[in-house]
Amino acid sequence: MRDGFIKVAAGTPKIRVADCRYNAEQIFTLMRQAAHQGVRVLCLPELCLTGYTCGDLFFQPTLLQGAEDGLTTILEATRNLDMVAAVGLPVRCKWDHKLYNCAAVIHKGEILGLVPKTHLPNYGEFYEQRWFASGEGKDFMVSLCGQEVSLCGRGLFACEDMPNLVLGVEICEDLWAPAAPSSLLARAGATVILNLSASDEVVSKAEYRRQLVTGQSARLVCGYVYADAGEGESSTDMVFAGHDLIAENGTLLAQRRFSTGLTVSEIDVDKLVYERRRMNTFTAPEEEVWRSYFNLEPATTALTRPISTTPFVPSDAGDRAERCDEILRIAALGLKQRLEHTGAKTAVVGLSGGLDSTLAILITGVAMKLLDRPAGDIIAVTMPCFGTTDRTRDNAVELASRLGATLKRVDIGEAVRQHFKDIGQSMENHDVTFENGQARERTQVLMDIANQTGGLVVGTGDLSELALGWATYNGDHMSMYGVNASIPKTLVRHLVRFVAGDKAEEDEALSAVLTDILDTPVSPELLPAIEGKIAQKTEDIVGPYELHDFFLYYAVRWGFSPRKVLRLTEYAFGRSYDRATLLKWLNNFYRRFFSQQFKRSCLPDGPKVGSVTLSPRGDWRMPSDAVAALWLDELAQL
């Protein structure tokens, strides 16, 4: 529960149709198993106390009393479990003499409330209106298991110990209907929706069901726990596969099919609330809802959900290739529009032989193709100086040649030496002035060549560098259009690798040079080379980019606190880094991030291709000193 995570489960017990005593035993046994695994919220299938396929037995008082007795047994057997569970059963109402298909939400022997099914299917293989009445608009008290309980279709169940944990309930067809009750419940505050279902299995229905659940969780910015009926239901004309699913804001966290038991994961309710707060279109409904409250003992939730070490990069190879192609096209379209609108005759790219400038010229090449212009309109400028190695220089030259760009070589060494002489900077003093003087000279060269050729300078700096301030102010920090500005370093690498693989057969030489660039250590090459080798390796100075991109994603995109970022990092990276190393680089990330606010306020335009951008009009507005102090103070206590 701490850090916003709540362990949830969808459970499918093995049942016997109309054997309520047996079913009750199966249910409370499953509840105990869930509690043993640390589950705090459990969703069970629709009508699981009786079985969904009882047919006209639902008219029999004996079955209905058996269901009530079964629920009483469950309440007694789970009185000491600190867990909320939703159990499906038919409920009689003495006020209107109707029968309702309900979810009983229970906690420590108490029925918190009953939620009736709103949309009753009466088509195809379903005949629910034969037995049940719709719960739409119903709101009254019923006596059940010796307790006076509210039966209401617009009910929420809120945890007093974890304010962001608010449960809403709907039943099977409710999700499939155009106006799902969960839409109202989520807008009224529900962060986790429980769906008690008895959805039969036919060919290809599982994929549609999966899309429904993940799509609804995305639309409502919520967690969604879907528990399906399974083994034991009558197979007279339907088969139930127990397709249990858990989703969070469009992401499928866990699923199980063709078996009974528990499907367990963790939902981050704090993350959901953060996103809703950010979205000004997520508004509260005019309709009033009924609320019930419960308590859960605060505890640290053990994580089992998948958390990628590369959140900007899809783990699936097919998805990754599709994402790479999409990003290249988005970035190229942005540059195409800027070139077209400004009437630029050329696109000037400073080509170092490193990853970022490589990606920038690849994107520029795509933009030129979209404009139906020759690759020669790209002016690739290589500007060797004190730290340039033969490897990076040769790769820059070969890359420009393979792409058909116009190559210019401007050796800036003499110009930088003259500048240092003018300001009294010793060539032996390799301080920040020594490094930044080279970067600013390169930018001056690029800008002047752009003026000469009627072009614009395409920026090469990536999102990770901008976040850490790893750029020279008024040097490589400046350009006329930054195509990499919202692409993090880990993704830059995959984009270049994608193009290398894509060109492997068409142009082996291009693929080879791209592969060698990928194998070259990331470096600004501003310090003199040692025996022809790169002397300055960026990740030795600022830290591994895989960590910084992970920090960036969760701290900026999702607003996680330093404590929560550290916890997720430890979980995702496992034993790859010890805690001391993680704290070292996390401290470095936050200090660099806050110290570079002014530099980010002066960034050039660039296309937003991902979920995070740091431009003044992007996701991040400069934080106050007070916020910076709060985060850094929390870090000091870890």
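This note goes through the predicted model point by point, from the whole protein down to single residues.

1. Overall picture. The protein contains 20 helices and 20 strands, and its C-alpha trace spans about 100 × 50 × 45 Å along the principal axes. Of the 638 residues, 57% are buried, while the surface that the protein exposes comes to about 26,500 Å², with carbon and sulfur atoms supplying 48% of it. Among contacts with a separation of 6 or more, 74% are between residues 24 or more positions apart, a figure to keep in mind when reading the contact lists below.

2. The parallel sheet. In what order do the five strands of the open sheet stand? The order is 18-17-16-19-20, and the pairing is parallel. Strand 18 (406–409) and strand 20 (481–482) are the edges, and because each of them has a single partner strand, one side of each is left without a neighbour in the sheet. At one of these edges, strand 19 (residues 456–459) is joined to strand 20 by two bridges, and Val458 has Tyr481 of strand 20 as its bridge partner.

3. A helix lying on strands. Helix 8 (residues 355–370) lies across strand 16 (347–350), strand 17 (378–382) and strand 19, and the angle at which helix 8 runs to strand 16 is about 165 degrees.

4. Helix 13 and its surroundings. Helix 13 (residues 489–502) has 14 residues and reaches 20 Å from its first C-alpha to its last, which is close to the 20 Å expected at 1.5 Å a residue. Its buried residues are Lys489, Thr490, Leu491, Val492, Leu495, Val496, Val499 and Ala500. When looking at such a list, it helps to recall that an α-helix has 3.6 residues a turn, so residues three or four places apart point the same way. The buried residues of helix 13 pack against helix 7 (317–342), helix 8, helix 12 (463–468), helix 14 (508–519) and helix 16 (545–557); helix 8, described in the previous point as lying across strands 16, 17 and 19, is therefore one of the packing partners of helix 13 as well.5. The hairpin of strands 4 and 5. Strand 4 (residues 98–107) and strand 5 pair in the antiparallel sense over six bridges, and in this pairing Ile106 and Ile111 are bridge partners. The hairpin has two residues between the strands, and in it Lys108 takes a positive phi near 50 degrees. Is strand 5 (residues 110–116) largely enclosed or left open? Six of its seven residues are buried, so strand 5 is largely enclosed by the rest of the structure.

6. Two further residues with positive phi. Most residues other than glycine have a negative phi, and two loop residues deserve a look for that reason. His97 is not a glycine, yet has a positive phi of about 60 degrees; it sits in the loop between strand 3 (84–93) and strand 4, and with a relative accessible area of 69% His97 is exposed. Cys145 is not a glycine either and has a positive phi of about 55 degrees; its place is the loop between strand 6 (139–144) and strand 7, but Cys145 is buried, with a relative accessible area of 16%.

7. Cysteines. How many disulfides does a search of the whole structure find? The search finds zero. For Cys152 the reason can be followed, because a disulfide calls for sulfur atoms within 2.5 Å, whereas the closest cysteine sulfur, in Cys102, is 11 Å from that of Cys152 and so too far for a bond. Cys152 counts as buried at 2% relative accessibility, and Cys385 counts as buried at 11%.

8. Ser150. This residue is found in strand 7 (residues 147–152) and is buried, with a relative accessible area of 6%. Leaving aside neighbours within four places in sequence, Ser150 is in contact with Gly113, Leu114, Asp139, Phe140, Met141 and Trp290.

9. Leu44. The loop between strand 2 (41–43) and helix 2 (61–77) holds Leu44, which is buried, with a relative accessible area of 0%. Beyond its neighbours within four places in sequence, Leu44 is in contact with Gly11, Pro13, Ile27, Leu30, Ala86, Val87, Leu196 and Ala227. The C-alpha atoms of Leu44 and Arg210 are separated by 17 Å, and the two residues are 166 residues apart along the chain.

Note on methods. Residues numbered from 1 in each chain as written. Predicted model: local features only at pLDDT ≥ 70, side-chain atom pairs only at ≥ 80, totals over all residues. Heavy atoms only, no water. Buried < 20%, exposed > 50% of the residue type's maximum accessible area, 1.4 Å probe, protein only. Pairing = 2+ DSSP bridges. Helix = DSSP H or I, 4+ residues; strand = E, 2+ residues; numbered from the N terminus. Contact = heavy atoms within 4.5 Å. Axes fitted to C-alpha atoms, helices over the stretch in contact; angles between N-to-C directions. Expected span 1.5 Å × (residues − 1). Areas by Shrake-Rupley, 256 points an atom, 1.4 Å probe, with all protein chains shown as cover.
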